[in-house]
Structures are given as structure tokens and as C-alpha cells.
Amino acid sequence: MSFTLEIGTKAPDFRLPATDGQTYALDSFASAPVLVVFFTCNHCPYVIGSDEITRQTAEKFKEQGVAFAGINSNSETTHPEDSFGHMIKRMEEQRFPWVYLRDKEQEAAKAYGALRTPHFFVFDADRKLVYTGRGVDSPRDTGKMTVNDLDRALAELTSGKPVSTPLTNPIGCNVKWEGQDAHWMPADACDLV
């Protein structure tokens, strides 16, 4: 079995606290015809560099009912700025159009097979995975971006078409795993394409 969820796999459930004071599970998004679960954090330059593009994409597809759930699974031992308190502060400052969830135990990161920040997973109405990988091809410097893979996948999905490129490699910092070196990756984690 591959580390990262494979196309066609059902979304794993989760139950995580959010910066808005609520706890969310997979069925909290049941009314959304499309769900984007993405692994993100507070400090990563690839996240910070592409957050505004992710915001634009989330706002663009909001009317079609696409929901976004950002999950921070990074070890705060490795990066103290990824703590829940810093997440709350970041959402107060940035007011992103998604729920921002804390996966302190890293169980969601393991269940989804999150490789990097950011790493996107797009699920259809049946909560089957139809796209996973990067948001854009130059997340650290979106001025050099030539393609927005997330936007394309959502445009195809919301217009009833199959996703033409269901797999790309996420580009970003690796997830910071508790008790491991900052650059450690699980042995079975590998490129998606």
C-alpha cells in the first residue's frame, strides 16, 4: 500500500479542533459537493508564498459549494510557530476562507499520507479522491507560476468532467514529524508521479 491516498480512495475520517473554537469531522462538510482537504502550516515559505492563490481558488469555487479544510499536522517541537495558538493568530490576521484544523497527534497526516506543506486532496460528492498533489507549480514564488493544478482540477470536477491530471507531486516543505529530524520522511513516502 502506498503512503499517500490513491485516486479513488474514500476520504479518511478525522475529528480535529479548529481555530474558530469548533471541532470538525469529515461529515461536518457533508453538504459540500466537493471537499478540498489540504495540509498546510504557519511557517513554510511554500505555504506563505501561495496562500493568496489558494485563497483566490477557494473564493472562486465557493459558489459551486466547494469546501476547503486546511490541516496543520506539523510538530510544534520542531517548529514552535506551528502551535495552535499561532494558528489562531494567523487566522485572525489573514481571515482565510477555510477552516483551519490542528492535527497535533498527526493521525490525519498519516491517514491521508501528507507529504509536504502544502499538499492538496480533492474529493468528489462520494468523498472519493479525484486529485492529489500541488496547488500550483511555483508555490514559493507565484510570480513564476505557469499552472494552477488545483484550480484546473476543481474547474473540471465542478463542470462534470473527469480530472485530466489527477496526480502531481506536492511542492513544499516536508511535514514535520514528531520526534524526527526536521527533514525526515517516512520510508514508504515517495513521489506520486
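In this predicted model, five strands come together as an open sheet, arranged in the order S5-S4-S3-S7-S8 with mixed pairing. The edges belong to strand S5 (99-102) and strand S8 (129-133); each has a single partner strand, so one side of each is left without a neighbour in the sheet. From one strand to the next, the twist averages 20 degrees. Strands of a sheet pair through backbone hydrogen bonds, and the pairing may be parallel or antiparallel. Both arrangements can be found here. S3 and S4 run parallel and are joined by 7 bridges, with Phe38 standing opposite Gly70 in S4. Strand S7 (residues 119-123) and S8, by contrast, run antiparallel and are joined by 4 bridges. In that pairing, Val122 is found opposite Tyr131 of S8.

Two helices can be followed as they pack on this sheet. Helix H1 (residues 45-60) touches strand S3 (34-40), strand S4 (66-72) and S7, and its direction makes about 160 degrees with that of S4. Helix H2 (residues 84-94) also packs on the sheet, where it touches S4 and S5; the angle between its direction and that of S5 is about 175 degrees.

Strand S3 deserves a closer look. Of its 7 residues, 7 are buried, so S3 is largely enclosed by the rest of the structure. Val34, Val36, Phe38 and Thr40 point one way from the strand, while Leu35, Val37 and Phe39 point the other way, and all of these residues are buried. Among the elements that S3 helps to cover are the buried residues of H1 and those of H4.

H1 itself contains 16 residues and reaches 23 Å from its first C-alpha to its last, close to the 22 Å expected at 1.5 Å a residue. The helix nevertheless carries a kink of about 45 degrees, centred on Asp51. Asp51 is also one of the buried residues of H1, a group that further comprises Val47, Ser50, Ile53, Thr54, Arg55, Thr57 and Ala58. The cover over these positions includes the sheet strands S3, S4 and S7, together with H2, H4 and strand S6 (116-117).

Helix H4 (residues 149-158) offers another example of enclosure: 7 of its 10 residues are buried, so the helix is largely enclosed by the rest of the structure. The buried positions are Asp149, Leu150, Asp151, Ala153, Leu154, Glu156 and Leu157. They are covered by elements including S3, S4, S7 and S8, and also H1. The two ends of H4 have their own details. At its start, a side-chain oxygen of Asn148 reaches to within 3.3 Å of the backbone nitrogen of Leu150. After the helix comes Gly160, which has a positive phi, near 80 degrees.

Several loops show backbone features worth pointing out. The loop between S6 and S7 holds Pro118, and the peptide bond leading into this proline from Thr117 is cis, with omega near 0 degrees. Two arginines have a positive phi although neither is a glycine: about 50 degrees for Arg95 and near 60 degrees for Arg127. Arg95 sits in the loop between H2 and S5, whereas Arg127 is placed in the loop between S7 and S8. Their surroundings contrast as well. Arg95 is exposed, its relative accessible area being 65%, while Arg127 counts as buried at 10% relative accessibility.

A final loop residue, Ser83, lies between S4 and H2. Its relative accessibility is 12%, so Ser83 counts as buried, the cut-off being under 20%. The side chain of Ser83 makes a polar contact of 2.8 Å with the side chain of His86. Leaving aside residues up to four places away in sequence, Ser83 touches Asn42 and Glu76.

Key. Residues numbered from 1 in each chain as written. Predicted model: local features only at pLDDT ≥ 70, side-chain atom pairs only at ≥ 80, totals over all residues. Heavy atoms only, no water. Pairing = 2+ DSSP bridges. Axes fitted to C-alpha atoms, helices over the stretch in contact; angles between N-to-C directions. Contact = heavy atoms within 4.5 Å. Buried < 20%, exposed > 50% of the residue type's maximum accessible area, 1.4 Å probe, protein only. Polar contact = N/O pair within 3.5 Å; in protein donor to acceptor, adjacent residues only side chain to side chain. Expected span 1.5 Å × (residues − 1). Bend = angle between axes of the 7 residues up to and from the residue.
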